[in-house]
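Reader: I'm new to this. Can we go through the structure together, with the reasoning spelled out?
Author: Sure, here it is.

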Amino acid sequence: MKFFVDTGNLKEIQNLVPLGIVDGVTTNPSLLAKESGDVRLLLKQICETVQGPVSAEVVATDAAGMVREGRELAAIDRHIVVKVPFTREGVKACRTLTGEGLRVNVTLVFSATQALIAAKVGATYVSPFVGRLDDIATSGMDLIRQIVEIYENYGFTTEVLVASVRHPMHVVEAARMGADVCTCPAAVIEALFKHPLTDIGLERFLKDWETAQASRVTG
Ligand code: G3P
């Protein structure tokens, strides 16, 4: 399973990339609105840092506008993936953009029927929002299971990109279900590393080693 970082913050990305586990980045208008400076320059810097797919979202709501913005975003860097919302206009724009050879991430997906349609119009990625479904007492991960099953049934190549991830259990379940990508906030990626027994075990190893070294010197 690929790990993307769900952020528009360059420092967070620069901090995580050296770990060697970051395959890409997803942004959205809310995330980019938190950052200062020129958005195009920021996206370029993110692409150069991650050297993998970077989703950048259109803000137009009509298909023609989405296509125009999508082309402009794609011109920023070869790593840009154009993100379009799942609407009737977004679906039309997705078909046009993929027809031109651009990669498209269809976002704001909350049902299996939406995911099926996104695959039919050639989306590179489909982004179901699991956390926001959990927020309304509907299982986000059940939706991922359904989409993975449907895509397998028909051999769709659209990758299932689990989005709106809130905690490590979303990541574990996504991996068990065979989702292609999990996009996580930096804090969730940090949490994937943590286990108290690792910390306790390392502390004991180092203490035992120091004790043995000290007794060799004094003995
Ligand atoms: O990038 C889209 C998605 O991951 C947003 O997550 O936490 O705002 O629901 P959230």
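Reader: How far is an oxygen atom of the ligand from an N or O atom in the side chain of Asp6?
Author: In this predicted model, that distance is 2.5 Å.

Reader: What makes that a polar contact?
Author: A polar contact is a pair of N or O atoms within 3.5 Å. The Asp6 pair is at 2.5 Å, so it counts as one. Asn28 has a side-chain N or O atom 3.2 Å from a ligand oxygen, and for Ser164 a polar side-chain atom sits 2.7 Å from a ligand oxygen.

Reader: Which residues surround the ligand?
Author: Besides Asp6, Asn28 and Ser164, you'll find Lys83, Phe129, Arg132, Ala163 and Arg166 around the ligand.

Reader: On to helices. Why is α4 called oblique to α5?
Author: The axes of α4 (residues 63-74) and α5 (residues 88-99) cross at roughly 45° and come within 8 Å. Roughly parallel needs an angle under 35 degrees, and roughly perpendicular needs 65 to 115. An angle of roughly 45° fits neither, so α4 is oblique to α5. Among the residues making the contact are Met66 and Val67 of α4 and Ala93 and Leu97 of α5. By class, the contact has 5 nonpolar, 3 polar and 3 charged residues.

Reader: And why is α8 called roughly parallel to α9?
Author: Helix α8 (residues 140-154) packs against α9 (residues 168-177) at about 20°, with the axes 10 Å apart. Angles under 35 degrees count as roughly parallel, so α8 gets that label relative to α9.

Reader: Which residues meet there, in α8 and in α9?
Author: Met141, Ile144, Arg145 and Val148 in α8 meet His170, Glu173, Ala174 and Met177 in α9.

Notes. Residues are numbered from 1 along each chain as its sequence is written. This is a predicted model: local features need pLDDT of at least 70, side-chain atom pairs count only at pLDDT 80 or more; totals for chains, interfaces and linings use all residues. Side-chain values use heavy atoms; hydrogens and water are left out. Axes are lines fitted to C-alpha atoms, for helices over the stretch in contact, and angles run from 0 to 180 degrees between N-to-C directions. Helices (H or I, at least four residues) and strands (E, at least two) are DSSP runs, numbered from the N terminus. Angles under 35 degrees count as roughly parallel, over 145 as roughly antiparallel, 65 to 115 as roughly perpendicular and the rest as oblique. Contact means heavy atoms within 4.5 Å. Ala, Val, Leu, Ile, Met, Phe, Trp, Tyr, Cys and Pro count as nonpolar, Asp, Glu, Lys and Arg as charged, and the others, Gly among them, as polar. A residue is near a molecule or strand if one of its heavy atoms lies within 4 Å of it. A polar contact is a pair of N or O atoms within 3.5 Å; within protein, one must be able to donate a hydrogen and the other to accept it, and residues adjacent in sequence count only if both atoms are side-chain atoms.
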